[in-house]
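Welcome, and thanks for taking a look at this one. Here is a short briefing to read with the model open beside you.

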Amino acid sequence: MNKGNLLMTEQVEILKKEIENLKQKYYNLYELINNLEDLIIHLDYNGRYLSVVPTSPKYLLLPVQELIGKNINDLFDEKLAIEILNVIQKAIESNSTQEIQYPLIINNKQKYFKAIIKPNNNKQAIAIIKD
């Protein structure tokens, strides 16, 4: 085997190890997220659901597939939707973490939730919803 082929073989082995390391990191992160009880929602500046990590589906108002693309105005009463939107926009504009607490009726029971909203990038935010 010439030096060029040997070098390429070594680089391929290094890349294989890196891929395995990334797979393991992904798996670890996936397991961590799946063991959370909190909902994680990615929202835009206008309150549109961009993605949802369904760590606790019992607290979702709709199935994940139906939530994507919906706006908070579609899901909450007008007063609560305005309050939540204001907090999302404040988090993004001030580049700081904001919180809001609110009640919701889930399965005919009133539950109280706390949303921690952290600015992301591109006028977006991540909301971590705790029961």
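In β5, L39 has I129 as its bridge partner, a handy place to start. Please keep in mind that this is a predicted model. Around that pair, five strands form an open, antiparallel sheet in the order β2-β1-β5-β4-β3. Helix α4 (residues 78–94) lies across β1, β3, β4 and β5, and the count of cavities of 30 Å³ or more comes to one.

**The sheet, strand by strand**

- The edge strands are β2 (49–53) and β3 (98–106), each of which pairs on one side only. On average, neighbouring strands of this sheet are turned by 25 degrees against each other, direction ignored.
- As a general reminder, strands of a sheet pair through backbone hydrogen bonds, either parallel or antiparallel. Here the pairing is antiparallel.
- Starting from the β2 edge, β1 and β2 are joined by four bridges in the antiparallel sense. To find this pairing, look for H42, which stands opposite S51 in β2.
- Strand β1 (residues 39–44) also pairs with strand β5 (residues 124–130), again antiparallel and over six bridges. The L39 and I129 pair belongs here.
- Strand β4 (residues 109–119) runs antiparallel to β5, and six bridges join the two. I117 has A127 as its bridge partner in β5, while K118 is partnered by I126.
- In general, side chains in a regular strand alternate between the two faces of the sheet.
- Towards the other edge, nine bridges join β3 to β4, and these strands run antiparallel. L104 stands opposite K111 in β4.

**The two hairpins and their positive phi values**

- The hairpin of β3 and β4 has two residues between the strands, and N107 takes a positive phi near 55 degrees there.
- N108 lies in the loop between β3 and β4. Although N108 is not a glycine, its phi is positive, at about 65 degrees.
- Is N108 buried or exposed? N108 counts as exposed because its relative accessibility is 79%, and the cut-off for exposed is over 50%.
- The hairpin of β4 and β5 has four residues between the strands, with N122 at a positive phi near 55 degrees.
- K123 is found in the loop between β4 and β5. Phi of K123 is positive as well, near 55 degrees, and K123 is a residue other than glycine.
- K123 is also exposed, with a relative accessible area of 52%.

**Helix α4 over the sheet**

- The direction of α4 is worth a look: the helix runs at about 155 degrees to β3.
- Q89 is a residue of helix α4. With a relative accessibility of 16%, Q89 counts as buried, since the cut-off for buried is under 20%.
- Which residues does Q89 touch, leaving aside those up to four places away in sequence? The contacts of Q89 are Y45 and N46.

**The enclosed cavity**

- The largest cavity has a volume of about 210 Å³. Of the 20 residues that line it, the closest to the centre are I41, Y49, F76, Y102 and I129.
- β1, α3 (72–75), α4, β3, β4 and β5 are the elements that give two or more residues to the lining of the largest cavity.
- What classes of residue make up the lining of the largest cavity? The lining has 20 nonpolar residues, no polar and no charged ones.
- I129 therefore appears twice in this briefing: as the bridge partner of L39, and among the residues closest to the centre of the largest cavity.

**A buried serine after β2**

- S56 sits in the loop between β2 and α2 (64–67). Where a relative accessible area under 20% means buried, S56 qualifies with 4%.
- Not counting residues up to four places away in sequence, S56 touches E37, D38 and L39.
- S56 and Y45 are eleven residues apart along the chain, and their C-alpha atoms are separated by 24 Å.
- Y45 is also one of the residues that Q89 touches, while L39, a contact of S56, is the residue whose bridge partner in β5 is I129.

Note on methods: Residues numbered from 1 in each chain as written. Predicted model: local features only at pLDDT ≥ 70, side-chain atom pairs only at ≥ 80, totals over all residues. Heavy atoms only, no water. Pairing = 2+ DSSP bridges. Axes fitted to C-alpha atoms, helices over the stretch in contact; angles between N-to-C directions. Contact = heavy atoms within 4.5 Å. Buried < 20%, exposed > 50% of the residue type's maximum accessible area, 1.4 Å probe, protein only. 1 Å grid on protein atoms, 1.4 Å probe; cavity = no way out; pocket = protein on both sides within 12 Å on 5 of 7 lines; lining within 4 Å. Points joined across faces, edges and corners; volume = space filled by probe spheres on them. Nonpolar A, V, L, I, M, F, W, Y, C, P; charged D, E, K, R; others polar.
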